[in-house]
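This report describes selected helices, loops and the principal pocket of one protein model. Please consult the sequence and the structure below while reading.

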Amino acid sequence: MKRKIFILHEIYGVNDFIKMQAEAYSNAKTTVECISLYSDNRIFPYEQEQEAYEYFINEVGFDAPLEKLTKIILEARTHYDEVLLIGFSVGATLAWRLSTLPLQGVVCVYGSRIRQYLDVIPSCPTLVILPSHEKSFNVHELKETLDAFPSVLTRQYLGQHGFMDFNNANYCNESYLQVQAEISQFFDIKQGGQSNAPK
């Protein structure tokens with residue numbers, strides 16, 4: 001069985017963390033591809049969080065990439081037995097919006113804007129990973145809402161937005177390891193590559 005996993009990045013672009021995620025899920029039967037949402041493949045340093053956010057909102061947004069991403073996913077469906085999607089932050093919100101496509105699974109990791117797209121009803125198994133706290137909204141309320149969706153599994157982990165990323169100030173190693181295991185179990189993947197974050 002051939003499997004394809006697409007990864008959608010955070011506002012920073014396809015950086016070392018996203019590349020490491022790709023390695024974590026690659027194996028003999030699984031091809032992983034990181035899709036850059038930026039036409040020039042730019043990568044923002046973490047210190048430029050505000051600039052990165054503004055660039056994403058003004059130059060990309062949550063609507064414009066959908067057509068291109070849908071095309072990529074549907075094309076992959078003709079070549080692979082399974083097509084899966086993992087998104088982080090803004091990428092997670094886009095992944096949520098794409099969960100109505102004929103995918104075999106979607107994982108959304110701290111996609112805080114999902115709360116603006118609750119009219120989306122995922123048609124495939126969808127795992128939503130939430131932090132224990134977000135500055136801009138009540139995470140528990142969002143979890144309760146998502147728990148009512150038939151094909152959605154929500155999990156909450158200790159930490160703030162960015163806790164998976166070892167280069168992020170909010171990194172939480174314990175939650176990182178738990179989520180990596182949870183995603184692998186959700187996709188039933190035997191991890192190749194690195195399973196632990198660098199110390």
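Which element gives the largest share of the lining of the largest pocket? That element is H2, which supplies 3 residues. The model under discussion is predicted.

**The largest pocket**

The volume of the largest pocket is about 650 Å³. Its lining comprises 24 residues, and those closest to the centre are Glu-49, Ser-89, Ser-112, Glu-134 and His-161. Two elements give two or more residues to this lining, namely helix H2 (49-60) and helix H4 (90-97). Sorted by class, the lining holds 11 polar, 7 nonpolar and 6 charged residues. As general background, rolling a probe the size of a water molecule over the atoms shows where empty space is left.

**Three helices and their spans**

The following table sets out the helices treated in this report.

| Helix | Number of residues | Expected span | Distance between end C-alpha atoms |
|---|---|---|---|
| H2 | 12 residues | 16 Å | 16 Å |
| H3 | 13 residues | 18 Å | 18 Å |
| H6 | 15 residues | 21 Å | 21 Å |

For H2, the distance between the end C-alpha atoms agrees with the span expected at 1.5 Å a residue. The corresponding values also agree for H3 and for H6.

**Helix H2**

The buried residues of H2 are Ala-52, Tyr-55, Phe-56 and Val-60. These residues cover an arc of only 100° around the axis, and therefore they lie on the same side of H2. The spacing of such residues has a general background: an α-helix has 3.6 residues a turn, so residues three or four places apart point the same way. The partners against which the buried residues of H2 pack are H3 and H4. After H2 comes Gly-61, which has a positive phi, near 80°.

**Helix H3**

Helix H3 covers residues 65-77. Its buried residues are Pro-65, Leu-66, Leu-69, Ile-73 and Ala-76. Because they cover an arc of only 95° around the axis, they are placed on the same side of H3. Glu-67 and Lys-71, by contrast, are exposed on the other side of H3. The buried residues of H3 pack against three strands, E1 (3-8), E2 (30-35) and E3 (82-88), and against the helices H2 and H4.

**Helix H6 and Glu-182**

Helix H6 spans residues 173-187. Within it, Ser-175, Tyr-176, Val-179, Gln-180, Glu-182, Ile-183, Ser-184 and Phe-187 are buried. The cover over these buried residues includes helix H1 (16-25) and the strands E1, E3, E4, E5 and E6 (152-160). Just after H6, Asp-188 adopts a positive phi of about 55°.

Is Glu-182 of H6 buried or exposed? Its relative accessible area is 14%, which is under the 20% limit, so Glu-182 counts as buried. Leaving aside residues up to four places away in sequence, Glu-182 touches Leu-127, Ile-129, Leu-153, Arg-155 and Tyr-157.

**Loop residues with positive phi**

Where does Ser-89 lie? Ser-89 is found in the loop between E3 and H4. Its phi is positive, about 55°, although Ser-89 is not a glycine. Ser-89 is buried, with a relative accessible area of 10%, and is one of the residues closest to the centre of the largest pocket.

Tyr-110 occupies the loop between strand E4 (105-109) and strand E5 (126-133). Tyr-110 likewise is not a glycine, yet has a positive phi of about 35°. With a relative accessibility of 1%, Tyr-110 counts as buried.

**Gly-91 in helix H4**

Gly-91 belongs to helix H4. Why does Gly-91 count as buried? Its relative accessibility is 0%, and a residue is buried when this value is under 20%. Not counting residues up to four places away in sequence, Gly-91 touches Leu-8 and His-9. Gly-91 and Ile-189 are 98 residues apart along the chain, and their C-alpha atoms are separated by 21 Å.

How values were computed: Residues numbered from 1 in each chain as written. Predicted model: local features only at pLDDT ≥ 70, side-chain atom pairs only at ≥ 80, totals over all residues. Heavy atoms only, no water. Helix = DSSP H or I, 4+ residues; strand = E, 2+ residues; numbered from the N terminus. Buried < 20%, exposed > 50% of the residue type's maximum accessible area, 1.4 Å probe, protein only. Contact = heavy atoms within 4.5 Å. 1 Å grid on protein atoms, 1.4 Å probe; cavity = no way out; pocket = protein on both sides within 12 Å on 5 of 7 lines; lining within 4 Å. Points joined across faces, edges and corners; volume = space filled by probe spheres on them. Nonpolar A, V, L, I, M, F, W, Y, C, P; charged D, E, K, R; others polar. Expected span 1.5 Å × (residues − 1). Arc of directions from axis to C-beta.
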